[in-house]
Structures are given as C-alpha cells and as structure tokens.
Amino acid sequence: MPPAGRAPVAPTQPNVAPSQPGAAAPAPTAPAQPAPAQPGAAPAQPTPGVGQQPGAPLRPGVAPGQAQPPQTLPPAGQPAPDRQGRRGGIGLGGAAAIGLGAAAIGGIMATQGASRLDDIRSRREERREGDVTIIREPGRTIIRGDDDRVIIRRDETQRFRDLGLDTRSERRGEETVTVYDRPDGTQIVTVTDAEGRLIRRTRRERDGGEFVIIDNVRRDGPQARFAEEVVVLPPPPLRIPRERYIVDAERADERLIYETITAPPVAPVPRRYTLDEVRYSPDLRAHMRSVDIDTINFDSGSWTVTPDQAGRLRVIADAVRQAVERAPNEVFMVEGHTDAVGSDVDNLSLSDRRAQSVAEILTRDFGIPAENLTTQGYGEQYPKVQTQDAARENRRVTLRRITPLLTGQNQQ
C-alpha cells in the first residue's frame, strides 16, 4: 500500500532523454522538425500520458483517494451587467483562426526587461490572422475576436524557468518536452505542442511510476478551436450563503479556506474537461468554490506583490500545502483580475501577470509545488465591486480548485 496522502505509483515509460541542462523550450514559430540526435543521447520515447485521465497512473493501478460527500452551493460571480456577453473571453463565433496566432506564445518575446506596463505596451506587436487579431507582448499572446472579446495565453513552462527551477527541454517532432527535476528525485514532465500550448503535465516518481496531473487533450474528436472550448452550463443552485461560496481570505481562517479549496463541485460535473475548457468557461468554473485573496491588493498598473504583502499569503499557502500533501495530483487555478480603468488589453495582461506573481510566491516563498498551480488572467470581466472607477478591491487574485473539472469526478 502507498503511504498515506500519496498517490499510488505504477510502472511507466523510460525517462525523457535530456537536452542541454537548463535549456529553455525553443520558441515555436512553425511546425518543428525532429531534432538531430545528440551523441550519447537516448532515443526519443513516446510522449507520456496520452489518453489518460488526470490523477490516474499511466498504467493500471489503484485509484487516487476517497472523496467526501458533495455540498450544494450557489453559483459563481457573473460579469458586470454590461459584460454579460463575455462568457468565455472571445465569443462562440469569434475565433475560427485562433490556432494561427498561438505560435507567438512565450519564448520569442520573453519576459526579460518587462517590469512595468509601459514596458509591455512599447514592445507589443499586432497582426491580423483570419478573423482574429493577434497581439504579441513579452511573455504573452492576446487574441481578440471581431466582437472585441479577448483571451490571453502564455507558456506555463516559463514560470518554472522564472523560478530558477532545474528544467531541461527538447523537441520531439512537433512537441516540446520539458522536464523539471525536483529535489526529492521526482520529475515533472510538461509537453507542449508546436504552437506552445500545454498538452499534458505528468509526475514521474523515483521508482518509475508516472501520473497525469493535467491532460489538455480532447478525446471526443479533433482538437477544438476556441469557440468549441467555451462550455455553457446552467448555473449551480443557490443553497448556501454566498460568503461560503466565494470566501474572502481576509475574513477567513485556515479551516474555512481549506474547506473551500477542497470542497467537491457544487453541482454534478457532466464529464471531464480540458484545461482550456476550464480556462474559458465561467459556467464551468462556477461549479467550484473559490477564495478571493483580498489580503493582496495591487497598485494600479502593477503586478508586483510587495514583500510586506507576500507574507499575507501564508494562510492560503498552508491550506494548499495540506491539500497537496493529501492528494499530490490536485490542481489549483490562480485567477487574476483588474479594475475597469484602462484598455481591455492592458487589463488582461495585468491580470495574467498578477496571477503569475502570486503563483510564483506560493512556490518560491511557501514551497507549493509549481506543477500543482496554473494561472489565468481575466482582466476586468469579473469585478468584485460593480464600478467603472479605480476600485482597489477589483485588483485581486482568486484561488480555485479545478481538479474535479479536469477529472470529471463529482466527489473529492
């Protein structure tokens, strides 16, 4: 039997052959050709985890831990009244060519040298691709549809590199495999496609067992364009006080925060969903309770968390650590938000960077494994206070457990 709080392991594929130590993933600009073999390098192996449910071993094994009975909770916060149509960023018909611009994510325009919003603006590049506008900026790609709805994407392996973690990458055909060697001897394997999009993330144990953490591949047909990734569901029923559904960290103790971030879905989850479906579908995210980290407030136009505020994340970090120790395959989304002042593109960029700043602090200062966190910015779409003014309360991040959405499980 595996030790308590640890997912079972099972045999898996041989290890990924390393490229040069510390090398970053190549910037994807066109479908890549297989890299020539390095002298002495092991032959390329099949990409791990294809077709596996997140949290499951890559070969048959014991299922992860038991779940707690579900609770019934109210629906997630909705966009401001004048933004109700922005259910998933770009609208359902607005992004037929979304894949064409995704190759700009991450590597080509790295984050180095961009520490202020003015730096970001001055380095943006814009072009038209089909029925969308692609806006490239340091470390991010923003995609705007003809209906002016926007989403943002980034290379999440960059967060591992920004943290100075021990990573190495190599190309395999049209995929890039990045391996992070953890101090405990385990490895985190992240696979991205030729466009820089996350395909899957797995954890490889020292004994060779490997488990899926995030699987971002659809199984019901070809990879969807963005319009097909927006999931529309009825809102969950309102059956508990809203303050227990969206919890304010400033008013909550660790017990309530832990309960919130480990609670099962508030309504049945129809199936397993990809990470992109979770990112772009507010109706889907509404099935999970969340914590507004209102102990951290950002200055206008800034994504910096000051040292005095970073310590306020300790209660959040302690709750997340307990959850991960109990179930190592848990995935938490850190969501960034802004007030309504400024352009939607600026706000989307700011919010995404705010989410990443908090995620990096949770890992660097509090030891939360980087692989258990993912980030996404939503700009001004989901205000806490309904105002067009510079409300500090709207410049915030939110933490939400998304594991049940990725696995299709309705209990813990």
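This passage describes the overall make-up of a predicted model and the surroundings of one strand, β12.

Residues are numbered from 1 along each chain as its sequence is written. The model is predicted, so local features need pLDDT of at least 70, side-chain atom pairs count only at pLDDT 80 or more, and totals for chains, interfaces and linings use all residues, while side-chain values use heavy atoms and leave out hydrogens and water.

The chain has 412 residues, and 58% of them are buried (under 20% relative accessible area, 1.4 Å probe, protein chains only). Its secondary structure comprises 11 helices and 14 strands. These are DSSP runs numbered from the N terminus: helices are H or I with at least four residues, strands E with at least two. Contacts are heavy atoms within 4.5 Å. Of those between residues at least 6 apart in sequence, 74% link residues at least 24 apart. The exposed surface of the chain is about 16500 Å² by the Shrake-Rupley method with a 1.4 Å probe. Carbon and sulfur atoms supply 52% of that area.

Strand β12 spans residues 332-336. Because 5 of its 5 residues are buried, β12 is largely enclosed by the rest of the structure. One side carries Phe332, Val334 and Gly336. Met333 and Glu335 lie on the other.

Strands pair if DSSP finds at least two bridges between them. β12 runs parallel to β13 (residues 373-377), with 5 bridges joining the two. Val334 has Thr375 of β13 as its bridge partner. From β12 the chain passes through helix α10 (residues 344-364) to β13 in a right-handed β-α-β crossover (clockwise from the first strand over the helix to the second, with the strands pointing away from the viewer). β12 also pairs with β14 (residues 397-401), here antiparallel, over 5 bridges. Phe332 is partnered by Arg401 of β14.

Methods:
Buried < 20%, exposed > 50% of the residue type's maximum accessible area, 1.4 Å probe, protein only.
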